[in-house]
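Here is a walk through one protein chain, starting from its packed interior and working outwards to a few loops. Have the structure open while you read.

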Amino acid sequence: MTDITDEELQLRQRAKDDFPYFAEKCLKIRPKTGRVRAFKLNAVQRRIHEQAEDQLQRTGKVRKLVLKARQPGVSTYVEGRFYWRTIHAKGLRTFILTHKDEATENLFEMAKRFHANNNPLLQPQTERSNAKELKFRVLDSSYRVGTAKAEGVGRSDTIQLFHGSEVAHWPNAEKHAAGALQAVPNADGTEVWLESTANGASGLFYEMVLQAEAGCGEYELIFIPWLITGP
């Protein structure tokens with residue numbers, strides 16, 4: 001076994017404890033310009049990270065609703081966060097559910113890019129990689145994806161980390177939520193992120209936002225208006 005230096009040990013420890021540091025040092029994203037670059041959190045991503053960590057410290061878990069403008073980097077943040085958590089724990093099941101096939105493919109491609117470009121010191125061994133799943137051998141942790149079309153998607157397994165993307169645009173959102181969200185136990189360390197652009201004054205996501213605004217239930221609302229910009 002190859003010895004590692006003190007500097008490499010420090011990298012491993014800080015990367016495990018500090019997601020913004022891990023993102024910048026170990027993750028690569030493809031921005032609108034098309035050139036792959038390091039994932040340095042922008043203003044929106046720093047804001048939601050602070051709120052997520054605050055809820056995690058207060059309650060032991062994360063339950064977030066994110067009502068967002070178009071393309072502020074919310075999905076990128078959640079995918080990076082989930083990859084970070086998935087590779088630093090054993091037996092975690094991560095599931096991503098989007099509103100259409102193209103979005104599912106894009107988010108899963110992002111997760112695979114994170115893994116392919118990760119620092120070798122922190123890159124777990126791949127057991128299985130296909131169009132719907134990325135599984136890590138020794139950790140027995142995995143990423144799976146689905147599209148909110150077939151009823152019952154996400155029901156079949158216990159899920160610790162769940163990302164629902166563009167939830168206001170899911171067909172049959174109530175049935176999908178009843179399946180996938182019930183697969184997430186009410187346990188410390190679990191996370192559910194439901195994010196979406198607006199889609200009218202009705203539906204599951206709209207009702208959940210109203211409840212969160214009223215302080216009802218465990219979900220906390222993050223509102224990202226279009227005017228929040230900056231590096």
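Which residues does Phe19 touch, not counting residues up to four places away in sequence? The list is Leu27, Phe39, Leu41, His49, Tyr77, Gly80, Arg81 and Trp84. Keep in mind that this is a predicted model.

**The cores**

Phe19 is a good place to start: together with Phe22, Phe19 touches the most other members of the largest nonpolar core, a set of 38 residues. Several elements supply at least two residues each to this core: the helices α2 (19-26), α3 (43-59), α4 (74-86) and α5 (101-117), plus the strands β3 (62-68), β6 (133-136), β7 (141-147) and β10 (220-224). The biggest giver is α4, with six residues. There's also a second, separate core of 23 residues, and among its members are Ala173, Leu204, Phe205 and Ala212.

Aromatic side chains get together as well. One aromatic cluster is formed by Phe19, Phe22, Phe39, Tyr77, Tyr83, Trp84, Phe114, Phe136 and Trp193.

**Two helices, two settings**

Now for α4. Its 13 residues reach 18 Å from the first C-alpha to the last, close to the 18 Å expected at 1.5 Å a residue. Of those 13 residues, 12 are buried, so α4 is largely enclosed by the rest of the structure. The buried residues are Val74, Ser75, Thr76, Tyr77, Val78, Glu79, Gly80, Arg81, Phe82, Tyr83, Trp84 and Thr86. Charged Glu79 and Arg81 are on that buried list too.

How about α3? Here 17 residues should span 24 Å at 1.5 Å a residue, and the end C-alpha atoms are 25 Å apart, which agrees. In α3, the buried residues are Val44, Gln45, Ile48, His49, Ala52 and Gln55. They cover an arc of only 135 degrees around the axis, which puts them on the same side of α3. The spacing fits a simple rule: an α-helix has 3.6 residues a turn, so residues three or four places apart point the same way. On the other side of α3, you'll find Glu50 and Gln57 exposed. As for what covers the buried residues, the cover includes α2, β3, α4, β9 (191-196) and β10.

Both ends of α3 have something to look at. At the N-terminal end, Asn42 acts as a cap, with a side-chain oxygen 3.1 Å from the backbone nitrogen of Val44. After the helix comes Gly60, with a positive phi near 90 degrees.

**Around β8**

Nine aromatic pairs turn up in a search of the whole structure. In one of them, the ring centres of Phe95 and Phe162 are 6.2 Å apart and the planes are at 5 degrees, so the pair is stacked. This pair links distant parts of the chain, with Phe95 in strand β4 (residues 93-98) and Phe162 in strand β8, 67 residues apart.

Further along, Ser165 is also in β8, which covers residues 161-165. The Ser165 side chain makes a polar contact of 2.8 Å with the side chain of Glu195. Leaving aside neighbours within four places in sequence, Ser165 is in contact with Ser75, Leu97, Thr98, His99, Leu107, Trp170 and Glu195.

Past the strand, Glu166 sits in the loop between β8 and α6. Its phi is positive, near 50 degrees, although Glu166 isn't a glycine. Val167 belongs to the loop between β8 and α6 (173-180). Val167 touches Ala173, Leu194, Glu195, Ser196, Leu204 and Phe205, once residues up to four places away in sequence are set aside.

Asp140, in the loop between β6 and β7, is another non-glycine residue with a positive phi, near 60 degrees.

How buried or exposed are these residues? The table puts them side by side.

| Residue | Relative accessibility | Class |
|---|---|---|
| Phe95 | 2% | buried |
| Phe162 | 0% | buried |
| Ser165 | 5% | buried |
| Glu166 | 12% | buried |
| Val167 | 1% | buried |
| Asp140 | 33% | partly exposed |

Glu166 thus combines a positive phi with a buried position, whereas Asp140 has a positive phi and counts as partly exposed.

Conventions
Residues numbered from 1 in each chain as written. Predicted model: local features only at pLDDT ≥ 70, side-chain atom pairs only at ≥ 80, totals over all residues. Heavy atoms only, no water. Helix = DSSP H or I, 4+ residues; strand = E, 2+ residues; numbered from the N terminus. Buried < 20%, exposed > 50% of the residue type's maximum accessible area, 1.4 Å probe, protein only. Polar contact = N/O pair within 3.5 Å; in protein donor to acceptor, adjacent residues only side chain to side chain. Contact = heavy atoms within 4.5 Å. Core = buried A, V, L, I, M, F, W, Y, C linked by side-chain atoms within 4.5 Å. Expected span 1.5 Å × (residues − 1). Phe/Tyr/Trp six-rings, centres within 6.5 Å; stacked < 30°, edge-to-face > 60°. Arc of directions from axis to C-beta.
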